[in-house]
Amino acid sequence: MEEQIKRVVKSQKIQYISFWIIPLLLVLLGEAGVLPVGIKADNVRAVYVFETTGILITAVCIPLSLKLFSFVLTKKIDQLTFPVALSRYMLWSAVRLALLEFVVVFNLAGYYFTLSSTGALCALIGLTASFFCLPGEKRLRAELHDETIFLDQRANIPPCSGTGGFGYHVRNGK
């Protein structure tokens, strides 16, 4: 089980780093002139559509990504066995980051196509929301309600059979 947790945490960290690399590449390509910059800046309707769509996508996807994950975690994942819950946790974490990535990429593209600062602001909001998705083993254990008390951290807890002497595994208060 510990190996599975470490593998999931490592995978989540790779996903999170990838989440940040894609916008950085877009910004670098845009600033270097590789991307078409300002091709729709003189078209007022296109600017309006990009701004409005970007704002609506940001306003819908960011709360959806954060609250949907919380909802799925409490309503669906908590009732599963630990290995299945771990795989579902990984899936829904990826969905959450994908929604945020969509917001960031769309708004950055809108910024570079229209040169409107609204796209940059909405992309920045999406990037800021990603700080609520920082991966880590402690966070994973807390969200999956898996608390492992290792021998050096326990006070006067009697030994429990079935743990191999390495600690006590508590799942959903049982």
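Me: Buried means under 20% relative accessible area, exposed means over 50%, and partly exposed lies in between. Is K6 buried, partly exposed or exposed?

Reply: This is a predicted model, and the class follows from the computed area. K6 has a relative accessible area of 48%, so K6 is partly exposed.

Me: What does the side chain of K6 meet in a salt bridge?

Reply: A salt bridge needs a side-chain nitrogen of Lys or Arg within 4 Å of a carboxyl oxygen of Asp or Glu. The side chains of K6 and E137 satisfy this, at 3.5 Å from N to O. K6 lies in helix α1 and E137 in helix α5, so the pair ties together parts that are 131 residues apart in sequence. E137 is partly exposed, at 26% relative accessibility.

Me: How many salt bridges does a search of the whole structure find?

Reply: The search finds 4. One of them joins R141 to E2, with the closest N and O atoms 2.5 Å apart. R141 is in helix α5 (residues 137-143) and E2 is in helix α1, so this pair links parts 139 residues apart in sequence. R141 counts as buried at 10% relative accessibility, whereas E2 counts as partly exposed at 24%.

Me: Which residues are joined into one network by salt bridges that share partners?

Reply: One more pair is needed first. R141 also forms a salt bridge with E137, the closest N and O atoms being 3.0 Å apart. Both residues lie in helix α5, 4 residues apart, or about one turn of the helix. Through shared partners, E2, K6, E137 and R141 form one network. In general, an α-helix has 3.6 residues a turn, so residues three or four places apart point the same way.

Me: How far apart are the end C-alpha atoms of helix α1?

Reply: The general check is to compare the end-to-end distance with the rise of 1.5 Å a residue. Helix α1 (residues 2-31) has 30 residues and should span 44 Å; its end C-alpha atoms are 44 Å apart, which agrees. Helix α3, with 33 residues, reaches 48 Å from its first C-alpha to its last, close to the expected 48 Å.

Me: Which residue with a positive phi follows α3?

Reply: L115 follows α3, with phi near 55°. L115 is not a glycine, yet its phi is positive. It sits in the loop between α3 and α4 and is partly exposed at 47% relative accessibility. After α1 comes G33, whose phi is also positive, near 85°.

Me: Which residue is the nearest side chain of opposite charge to E101?

Reply: For a buried charge, look for a partner first. E101 lies in helix α3. E101 is buried and has no salt bridge; R96, the nearest side chain of opposite charge, is 12 Å away. Beyond its neighbours within four places in sequence, E101 is in contact with F19, I22 and P23. Of these, F19 and P23 are among the buried residues of α1.

Me: What polar atom lies 2.9 Å from a polar atom of the side chain of S93?

Reply: The backbone oxygen of Y89 does. S93, also in α3, is buried with a relative accessible area of 4%. Away from its sequence neighbours, S93 is in contact with Q12 and F69.

Me: How many disulfides does the count come to?

Reply: A disulfide is a covalent bond between the sulfur atoms of two cysteines. The count here is 0. C122 is buried at 6% relative accessible area, and C133 is buried at 5%.

Note on methods: Residues are numbered from 1 along each chain as its sequence is written. This is a predicted model: local features need pLDDT of at least 70, side-chain atom pairs count only at pLDDT 80 or more; totals for chains, interfaces and linings use all residues. Side-chain values use heavy atoms; hydrogens and water are left out. Helices (H or I, at least four residues) and strands (E, at least two) are DSSP runs, numbered from the N terminus. The expected span of a helix is 1.5 Å times one less than its number of residues. Buried means under 20% relative accessible area, exposed over 50%, partly exposed in between (1.4 Å probe, protein chains only). Lys and Arg count as positive and Asp and Glu as negative; His and the chain ends are not counted. Contact means heavy atoms within 4.5 Å. A polar contact is a pair of N or O atoms within 3.5 Å; within protein, one must be able to donate a hydrogen and the other to accept it, and residues adjacent in sequence count only if both atoms are side-chain atoms. A disulfide is a pair of cysteine sulfur atoms within 2.5 Å.
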